[in-house]
Amino acid sequence: MMWQTLFVQPWPWWLGAAGLSLTAFFYCWLMQHPLGISGLFSKAVFFRETQAEEQLKARMETNQEALRQAMQAATQAHMAQLSEADRARLAAAQSTGTEEPEDSRQNLAEVPLSASLVTLIGLVLGGLLGQILSGQWTLSTRPQGDFTKLVVDGLGFIPVLFFGGILIGFGTAMAGGCTSGHGLNGCARMQTGSLGATASFFGTAIAVAFALKALI
Amino acid sequence: MTTDKSSNKPLLFAAAFGLSLGFTLNRTGFSSFDELHKMLTFDDLRLFLTFLGAVSSLALAYLLVLNSKLQFPDRGFHKGSIVGGVIFGVGWAVTGACPAVPLVQIGEGKVWALITLIGVALGVIAYEWAHKRWFQWDRGRC
């Protein structure tokens with residue numbers, strides 16, 4: 001019975017909600033970046049640029065650390081040359097400013113290319129696992145079901161999926177996010193841009209779905 | 001403020017999250033054209049409730065935990081927010097897929113989802129080209 005609910009029947013809404021939110025929560029917690037698949041996709045597609053950026057960042061961090069140490073050493077050398085009176089005056093001037101409370105929050109981290117690729121591969125494995133456990137894994141070479149009734153039958157699926165895919169890639173890149181980035185995380189954070197984008201793609205998808213239904 | 005170096009958490013975590021999301025998309029039916037269309041035409045509210053439930057509980061997680069741990073940037077409206085959403089929405093309804101879905105479908109044995117996947121990749125490349133050439137607005141990044 002439990003097996004049926006978890007692995008065979010489509011998940012009830014609360015189980016699906018838990019699956020999505022827990023995944024998104026722990027991802028953000030551990031990776032220090034909200035889960036956004038279109039972002040990971042972009043990194044993967046432009047893997048050369050992503051790699052170059054990561055290498056540049058690493059070099060800059062090394063250089064900045066070297067610069068910081070050099071400046072610290074120079075300051076100490078300068079201070080050692082000052083007279084007792086001058087040092088006291090400097091210290092007094094510095095301590096009259098109010099101390100800003102330290103912000104203990106961390107900045108978001110960039111998800112590395114390696115992690116992005118691995119997560120995308122994980123999506124494939126997740127589909128594989130789900131389908132195997134439900135006993136429904138089968139190799140299929142063309143879409144079946146409502147797609148053939150509502151959209152296109154026969155080999156027409158090839159141009160439809162191809163150009164549909166282009167719209168998905170283009171649209172999510174333009175909007176700066178997709179159902180996970182904007183839909184889940186952006187909306188959860190009540191960001192106006194995400195709420196707008198989500199309303200936009202949901203509203204459009206609903207309209208198109210109704211149109212497809214009407215045009216059978 | 002603690003360092004903002006790139007996350008170097010084990011790749012195992014990254015894989016686990018991908019697996020978890022893929023598994024969830026499969027089990028909920030978000031990777032199924034039929035189930036998605038039932039949601040979009042209000043024939044079955046299950047996936048709507050799934051989505052709303054997920055956003056609500058994640059909102060709580062942000063308020064109670066994540067907002068005090070991490071500094072999140074603003075994601076306000078930009079010129080591409082709405083039009084990009086419309087373009088994506090058309091693709092979503094027609095293919096039944098959002099960016100994650102073709103990958104999940106390939107795992108499910110749906111070899112034809114490779115076509116969607118290639119389309120998505122080309123769409124991303126085409127957009128970057130168009131963006132550099134004409135748009136050049138700041139869209140943040142998910």
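Which residue forms a salt bridge with A:D86, and how far apart are the closest N and O atoms? The legends below, which begin with that pair, describe a predicted model.

**View 1. A salt bridge within helix α5 of chain A.** A:D86 forms its salt bridge with A:R89, and the closest N and O atoms of this pair are 2.6 Å apart. Both A:D86 and A:R89 belong to helix α5 of chain A, which covers residues 84–95, and they are separated by three residues, or about one turn of the helix. Over all chains, a search of the whole structure finds eight salt bridges.

**View 2. The salt bridge between chain A and chain B.** Across the interface of these two chains the rule finds one salt bridge, which joins A:K213 to B:D43 with 3.5 Å between the closest N and O atoms. On the side of chain A that touches chain B, the residues divide into 65 nonpolar, 48 polar and 11 charged.

**View 3. The interface of chain A and chain B.** Here 124 residues of chain A are in contact with 108 residues of chain B. The size of an interface is often given as the accessible area lost when the parts come together. For chain A and chain B the buried area is about 10,700 Å², and carbon and sulfur atoms give 72% of it. Polar contacts are also found across this interface, where the rule finds 30 residue pairs, with both residues at pLDDT 80 or more.

**View 4. Strand pairing between chain A and chain B.** Strand β1 of chain A, made up of residues 106–107, pairs with strand β1 of chain B, made up of residues 70–71. The two strands run in the parallel sense and pair over two bridges, and in one of the residue pairings A:Q106 has B:L70 in β1(B) as its bridge partner.

**View 5. The fold and dimensions of chain A.** Chain A contains 10 helices and one strand, and read along the sequence these elements follow the pattern α-α-α-α-α-β-α-α-α-α-α. The C-alpha atoms of chain A fill a box of roughly 90 × 40 × 35 Å, taken along the principal axes. The radius of gyration of chain A is 27 Å, whereas a compact globule of 216 residues would have a value near 17 Å.

Methods: Residues numbered from 1 in each chain as written. Chains lettered and ligands numbered in written order. Predicted model: local features only at pLDDT ≥ 70, side-chain atom pairs only at ≥ 80, totals over all residues. Heavy atoms only, no water. Contact = heavy atoms within 4.5 Å. Buried area = accessible area lost by both parts, 1.4 Å probe. Salt bridge = Lys/Arg side-chain N within 4 Å of Asp/Glu carboxyl O. Polar contact = N/O pair within 3.5 Å; in protein donor to acceptor, adjacent residues only side chain to side chain. Nonpolar A, V, L, I, M, F, W, Y, C, P; charged D, E, K, R; others polar. Pairing = 2+ DSSP bridges. Helix = DSSP H or I, 4+ residues; strand = E, 2+ residues; numbered from the N terminus. Rg over C-alpha atoms; globule rule 2.2 N^0.38 Å.
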